[in-house]
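Work through the exercises below with the model open. Try each task before reading its solution.

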Amino acid sequence: MSRRGWIMLGTAAVLVPLFALLAWAAVRQQGTPAGAGINAQFGEVRVSEARAADFALELADGSTLRLSDLRGKVVMVDFWASWCGPCRQEAATLNRIYAAYSDAPVEFVGINIWDTPDAAKVFLVEFGVAYPTGIDADGGIALEYGVRGIPEKFFIDAGGVIRRKYVGPMPEDVLRGALDELLAEASTPGG
């Protein structure tokens with residue numbers, strides 16, 4: 001066998017197992033990006049109350065939203081992706097609650113992660129998302145907030161402190177309860 005033949009054989013011996021491993025990993029991930037996933041357990045997660053990390057998010061309409069500009073409002077930050085079944089399941093609920101609280105000092109911020117811009121735009125149109133939403137293209141916001149799966153929601157009080165975290169799709173009554181609790185605290189003297 002020629003030298004070139006040996007080189008090709010050696011290269012194939014390395015690449016075939018590598019491609020087999022990559023194919024196996026892709027099948028196990030079921031098409032989701034590596035390290036990303038849908039949360040398997042849902043419910044409220046204990047948080048250490050701390051000031052929410054500020055961020056600047058380019059919104060779907062081209063404007064920029066800074067979390068610090070929402071100080072004085074109760075803010076629900078929702079991390080989601082278009083391919084996430086639970087995110088799709090709760091889209092109508094989030095829109096309905098957002099509309100119901102339109103006269104209250106409440107803001108929702110949707111942060112799309114682990115997705116493509118085109119898929120995110122289709123999702124926003126398909127579900128008629130009315131609240132400010134943008135893409136965390138480099139994943140920096142998700143990393144800062146310690147997001148491990150989707151959907152994940154962070155509830156920030158009017159003073160800018162993270163008060164609650166909820167993993168998975170949120171039942172409507174639980175979402176309303178979280179917002180009402182933070183609104184009541186904000187309207188209480190010294191709250």
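**Exercise 1.** Find the residue just after H3 that takes a positive phi, and give the angle.

*Solution.* Go to the end of H3. Gly-128 follows just after the helix, with a positive phi of about 60 degrees. Keep in mind that this is a predicted model.

**Exercise 2.** Sort residues of H3 into buried and exposed, then explain the pattern.

*Solution.* Step one: pick out the buried residues, Ala-120, Phe-123 and Leu-124. Step two: look down the axis of H3. These buried residues fall within an arc of 95 degrees, so they line one face of the helix. An α-helix has 3.6 residues a turn, so residues three or four places apart point the same way. Step three: turn to the other side of H3, where Asp-118, Lys-121, Val-122 and Val-125 are exposed. Step four: list the partners. The buried residues of H3 pack against E5, H2, E6 and strand E7 (133-135).

**Exercise 3.** Which element gives the most to the largest nonpolar core?

*Solution.* Start with the core itself: 48 residues, of which Phe-55, Phe-79, Phe-108 and Tyr-145 touch the most other members. Next, list elements that give two or more residues; among them are E5, helix H2 (85-100), strand E6 (106-112) and helix H5 (172-187). E5 comes out on top, with six residues.

**Exercise 4.** Is Asp-78 buried or exposed? What does Asp-78 touch?

*Solution.* Locate Asp-78 in strand E5 (residues 74-80). Its relative accessible area is 2%, so Asp-78 is buried. Now skip residues up to four places away in sequence. The contacts of Asp-78 then include Glu-90, Tyr-131, Glu-152 and Lys-153.

Technical notes. Residues are numbered from 1 along each chain as its sequence is written. This is a predicted model: local features need pLDDT of at least 70, side-chain atom pairs count only at pLDDT 80 or more; totals for chains, interfaces and linings use all residues. Side-chain values use heavy atoms; hydrogens and water are left out. Helices (H or I, at least four residues) and strands (E, at least two) are DSSP runs, numbered from the N terminus. Buried means under 20% relative accessible area, exposed over 50%, partly exposed in between (1.4 Å probe, protein chains only). Contact means heavy atoms within 4.5 Å. A nonpolar core is a set of buried Ala, Val, Leu, Ile, Met, Phe, Trp, Tyr and Cys residues joined through side-chain atoms within 4.5 Å. The arc is that of the directions from the helix axis to the C-beta atoms.
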